[in-house]
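Got a protein model open and not sure where to start looking? Let's walk through it together, one question at a time.

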Amino acid sequence: MASLADLLAIHTNLPGRAARHLQRVAAEWQLLADLSFADLRLWVRNDPEGDRTDPAYICIAQCRPNTTSTVYDSDGVGVVVPPWETPTLHAAFEGAVVVRGVTPAWTGPSRVRREAVPVSSGGGVVAVLTRDFNVTHPRTPSPLEVAYAECADDLCTMVAEGTFPEREELPTGEAEPRAGDGFVRLDAQGKVVFASPNAQSAYRRMGAPTDLEGSRLVEVTAELVGDSFESEDLAVALDGALLRGGGSRIELTKGGVTVVLRVLGLHPNGRPAGAAVLLRDVTELKRRDRALISKDATIREIHHRVKNNLQSVSALLRLQARRTRNDEAKRALQESVRRVASIALVHETLSMSVDEHVDIDDVIDRLIPIMGDVAPAEATGRVTVVRRDDVGLLDADRAMPLAMVVTELIQNAIEHAYGPGESGTVEVLAHRSTRMLEVTVRDDGAGLPPGFTLDGSDRLGLQIVQTLVTSELGGELRLTAWEGGTDAVVQVPLQPV
């Protein structure tokens, strides 16, 4: 089945920032579904070319609640509907406001009331989140259901305003607290107005003698934990959430029991409305995590040792280059130093990463000084290399060849775009969307020589680049002369091939 990123790339032409925000929404929306007691669907406009005046809407993701039965037996991902068939959804997208349906409609055996929430990012609506409530058998909600629903309404208002979820609000993994694990609602002063039975039980396991409702959570936790640092962390998190919104995660340990707390500040319509605290007893999970630490540490240690070995090779090549009197051999050794160094930097990044992803921007920034060190003596200091845009994260399989490609293109510009005594600037530009990563190395030098063709070039660096781009990255390389220099453009598809 296609992932959310794949569907966004197929059906939209959204910028990378908007696509990342929708992925954050999808990462958080199980919480929204559980608090809402509703099925959620995420809809985008089906206009990949961006030129349709009346585009249809397509469902790209669906989430069922754990707190009640679903109203949809079938998967709605891929369903396309015109605007006139979904007036609530269309009104939310066009008006950038939450639209609550008045008249329920039958969906199979269930009467469903729909609410449409615009998903805002970058000052505009990029999608619509629908909440479908089963109203077949109305009844009086329990206090827990009321507390859940009020919190869900506040969070949906923040989704419409573009203030939830924030960048740091992405879940951290298996230990992420869920609504059913334990839920506490705080008022604007930090007092507990509701605590679910599971939340009460978690605090009792840590030794709390009384119920939480009516108390200040910070004070109860401070007396319970006793550790001034943990209590201070919780106080800072709660105060920050109550005053400024946002959220944070805290881990508390008492008497052998470990509880993870997630604090969500609620600021619908820009006004403080308290906070929601989700908590989970992760004592058993912590025990299993310790068994995995040694495995992760081994993988990182392998990357670290590979990096050390490559740095040793690089040092030997550099030493040999300094002792070589033949200029052509010296240049070849210096180029080898640079290439080995770029691979070593990727392994160094992986040795410090918790997953197999590489920050290409960090690699490029650390490679630029290395290229200056191995450049010919007459070129040192006359050409400045700057990175203007963010390339972002890439998986290890693509990061290695892309780092080498960018390195080769920068070095090619330094060596061939400028004559003796000339100065200039080489820029690294980038543009990233849901479908494509485009990296441009731009110089303001002499431009391409007459009759130059990429296929006919005998430069080893360009041959390496072309091989890596086409074979390893599945992309395209082109060199374009412009009035002030040359652009070397690399286009790499981000969709799985």
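Here come some questions and answers about this predicted model.

Q: Into which domains is the protein chain divided?
A: Let's start with the big picture, going along the chain. The assignment gives domain 1 as 4-161 and domain 2 as 183-282. The remaining one on the list is domain 3, at 357-493.

Q: How many Å apart do the C-alpha centres of domain 1 and domain 3 lie?
A: These two domains do touch: the contact takes 9 residues from domain 1 and 4 residues from domain 3. Their C-alpha centres, though, are separated by 42 Å.

Q: What area do domain 1 and domain 3 bury between them?
A: The size of an interface is often given as the accessible area lost when the parts come together. Of the area buried by domain 1 and domain 3, 46% is on carbon and sulfur atoms. The total comes to about 510 Å².

Q: How many residue pairs are in polar contact across the interface of domain 1 and domain 3?
A: Salt bridges don't help here, as the count between domain 1 and domain 3 is 0. For polar contacts, the rule takes pairs with both residues at pLDDT 80 or more, and across this interface it finds 4 residue pairs.

Q: Which element gives the most to the side of domain 1 that touches domain 3?
A: Two helices, α1 (4-11) and α2 (16-36), each supply at least two residues of that side of domain 1. The top contributor gives 4 residues, and that's α1.

Q: Which strands stand at the edges of the open sheet with the order β9-β8-β12-β11-β10?
A: This sheet has 5 strands with antiparallel pairing, and the twist averages 20° from one strand to the next. An edge strand has a single partner strand, so one side of it is left without a neighbour in the sheet. That fits β9 (192-195) and β10 (247-254).

Q: Which residue in β9 stands opposite Arg185?
A: Strands β8 and β9 run antiparallel and are joined by 3 bridges. Opposite Arg185, in β9, you'll find Phe194.

Q: At what angle to β10 does helix α6 run?
A: Another helix, α4, packs on this sheet, touching β8, β9, β11 (257-265) and β12 (275-281), and its direction makes about 65° with that of β8. Helix α6 (residues 217-225) lies across β8, β9, β10 and β12. Its angle to β10 is about 30°.

Q: In the sheet with the order β14-β16-β17-β19-β18, is the pairing mixed or antiparallel?
A: Here's another open sheet of 5 strands. Its edge strands, β14 (383-387) and β18 (476-482), each pair on one side only. Neighbouring strands are turned by 15° against each other on average, direction ignored. As for the pairing, it is mixed.

Q: What is the bridge partner of Thr440 in β19?
A: Strand β17 (residues 436-443) and strand β19 (residues 485-493) run antiparallel, with 8 bridges joining them. Look along β19 for the partner of Thr440 and you reach Val489.

Q: What omega does the cis peptide bond between Phe164 and Pro165 have?
A: Most residues other than glycine have a negative phi, and most peptide bonds are trans. Pro165 lies in the loop between α4 (143-161) and β8 (183-186). The bond joining Phe164 and Pro165 is cis, with an omega of about -5°.

Q: Where is Ala96 found?
A: Ala96 has a positive phi, near 55°, in a residue other than glycine. Its place in the chain is the loop between α3 (87-95) and β4 (99-100).

Conventions: Residues numbered from 1 in each chain as written. Predicted model: local features only at pLDDT ≥ 70, side-chain atom pairs only at ≥ 80, totals over all residues. Heavy atoms only, no water. Pairing = 2+ DSSP bridges. Axes fitted to C-alpha atoms, helices over the stretch in contact; angles between N-to-C directions. Domains from an automatic or database assignment. Contact = heavy atoms within 4.5 Å. Buried area = accessible area lost by both parts, 1.4 Å probe. Salt bridge = Lys/Arg side-chain N within 4 Å of Asp/Glu carboxyl O. Polar contact = N/O pair within 3.5 Å; in protein donor to acceptor, adjacent residues only side chain to side chain.
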